[in-house]
Amino acid sequence: MDEVRPTTGAQAHGLASIFPPGLQAIYGECRRLYPEQANPLQVTAIVKYWLGGPDPLDYISMYRNIGNQPQDIQEHWHYVSFGLSDLYGDNRVHEFTGSDGPSGFGFELTFRLKREVGETAPPTWPAELMQGLARYVFQSENTFCSGDHVSWHSPLDNSESRIQHMLLTEDPQIQPVQTPFGTVSFLQIVGVCTEELQAAQQWNGQGILELLRGIHMAGGPWLITDMRRGETIFDIDPHLQQERVDQGIETEGSNLSGVSAKCVWDDLSRPPEDEEDTRSICIGAQPRRLSDKDTEQIREVLRKGLEFNTKAALPPISAQRHGHERPQSRKDSLESESSAAIVPHELVRTRQLESVHLKFNQESGALLPLCLRGRLLHGRHFTYKSINGDTAITFVSTGVEGAFATEEHPYAAHGPWLQILLTEEFVEQMLGDLQELNTREETKLPKEYSWPEKKLKISVLPDSVFDNPLQ
């Protein structure tokens, strides 16, 4: 359990002899911004993560920011985390790899919450929100970068608020710092409504962040979250959807390259009694495990975006990983950063399939038009990674190099990882057939779509099918 307390005088003065250098460097940047708040309130993990506690962040400092009225910046509370970067340099939490690369995961989280009239102390619920995101990073080893989105599906403060998801961006005030253990940048959490999250998925996070910056009540220049905001940016300015988002998707495509999802696939081209039947990855059966390198490739697609002017490619699996460092450019690729797998990748046979059946829950199925229109029609790829096992489905266009699915054999599997290559003509046909999935209205389930000439079938099923696979 966390406790709230002010920082000590020793911390406030940054005594190097007792103050860990990584912590001192971040405090130094905070003191630059808030010289009059040397002893901010702090949420502190009572049992530190490195002593077996549940919370990865050792501290979360909370500052009062008076804003800047001429610049349309509201007064707010400013939260800063300590723990995703290496604070100590002694391997108690993060492996120390030198000062040239990132410190720990290379970033800390911040959050700006509108200060309500009469509030004299900052609410503490953002600290638990930040701990939740930090747990995800530590457990998955997936890091964040500016423009990423987080589907939370619940009011961030556990109220009745419409602010139920998050985007991430660079903090507008805190500068990256160089510590003895590497560099640390600061990513700010921005609370958004469901419609804004969906627009970020369909287009790109940076585009939606820019729209939010332009509307005072939606965040303004510093993207301050207002949990009482009842209108989306599309309610405030209905022209934004068509003139900015839809036009952006049409010209630029989407930068969402993959999602964690409820999905499975069946190989319909071989009988179930076959000893090597790939139906072993279906609902209700024990899936084959992905190799370490396949896992890293798919993990990369879920944590990386893309750079629109780069050539789409599935790069070689022999690329090496260097700690938790994020690549400097966000390329449209499935580049692996893994070290050598225990089992050589070449020993996992790639199989060409004649006919496949894809199964998605409603939330995942609703992203199929985005996958086709925002990704494949722009020469890119899109991956669904199952949250219930090792199953993965990657759609690739004919412009993606390095895929093991080809125009001659458009369905290919590498263990439980299925790749499907779709031609532009077939994508256009599928978009017409799947048009009803593009609406925000609830679709009556189950829904089935079939293209017999292509030997492809897609089913959209209730969540219960995936949550209770043996029923």
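Let's start with a pair of strands in this predicted model: β10 and strand β14, which spans residues 381-386, run parallel to each other and are joined by four bridges. To see one of those pairings for yourself, find Ala-261 and look across to β14, where its bridge partner is Ser-386.

Now zoom out from that pair. β10 and β14 belong to an open sheet of six strands, and if you walk across it you meet them in the order β10-β14-β15-β17-β16-β12, with mixed pairing. The walk begins and ends at the edge strands, β10 (258-261) and β12 (350-353), each of which pairs on one side only. Going from neighbour to neighbour, the strands of this sheet are turned by 20 degrees against each other on average, direction ignored. A helix sits against this sheet too: α10 packs on it and touches β14, β15 (392-397) and β17 (417-422). Compare the direction of α10 with that of β14 and you get an angle of about 155 degrees.

What does α10 meet besides the sheet? Follow helix α10 (residues 368-375) and you'll run into α11; the two axes come within 10 Å and cross at roughly 145 degrees. That crossing is left-handed. On the α10 side, the residues to look for are Pro-369, Leu-372 and Arg-373, and they meet Val-427, Met-430 and Leu-431 of α11. Sort the residues of this contact by type and you find five nonpolar, one charged and no polar.

Helix α11 now leads us on to another sheet. This one is open as well, with four strands in the order β11-β13-β19-β18 and mixed pairing. Its edge strands are β11 (263-267) and β18 (447-451), each pairing on one side only. Here, neighbouring strands are turned by 15 degrees against each other on average, again ignoring direction. And where does α11 touch the sheet? Helix α11 (residues 424-433) packs on it by touching β18 and β19, and its direction makes about 150 degrees with that of β18. Within the sheet, take a look at strand β13 (residues 356-361) and strand β19 (residues 456-461): six bridges hold this pair in the parallel sense. One spot to check is His-357, whose bridge partner in β19 is Lys-457.

Let's jump back to an earlier part of the chain. Is strand β2 largely enclosed or largely open? Four of the five residues in β2 (residues 41-45) are buried, so the rest of the structure largely encloses this strand. β2 has a partner in strand β3 (residues 59-65); the two run antiparallel and are joined by four bridges. Among the pairings here, Leu-41 has Met-62 in β3 as its bridge partner.

Loops can be tucked away as well. Ser-254 lies in the loop between α7 (239-252) and β10. Its relative accessibility is 0%, so Ser-254 counts as buried. Ala-199 is 55 residues away from Ser-254 along the chain, yet their C-alpha atoms are separated by 9.6 Å.

Finally, step back and take in the whole protein chain. You can count 12 helices and 19 strands in it. Of its 471 residues, 54% are buried. If you take contacts between residues at least 6 apart in sequence, 67% of them join residues at least 24 apart. As for the outside, the chain exposes about 20800 Å², and carbon and sulfur atoms supply 48% of that.

Terms used: Residues numbered from 1 in each chain as written. Predicted model: local features only at pLDDT ≥ 70, side-chain atom pairs only at ≥ 80, totals over all residues. Heavy atoms only, no water. Pairing = 2+ DSSP bridges. Axes fitted to C-alpha atoms, helices over the stretch in contact; angles between N-to-C directions. Contact = heavy atoms within 4.5 Å. Buried < 20%, exposed > 50% of the residue type's maximum accessible area, 1.4 Å probe, protein only. Left-handed = near helix turned anticlockwise from the far one by under 90°. Nonpolar A, V, L, I, M, F, W, Y, C, P; charged D, E, K, R; others polar. Areas by Shrake-Rupley, 256 points an atom, 1.4 Å probe, with all protein chains shown as cover.
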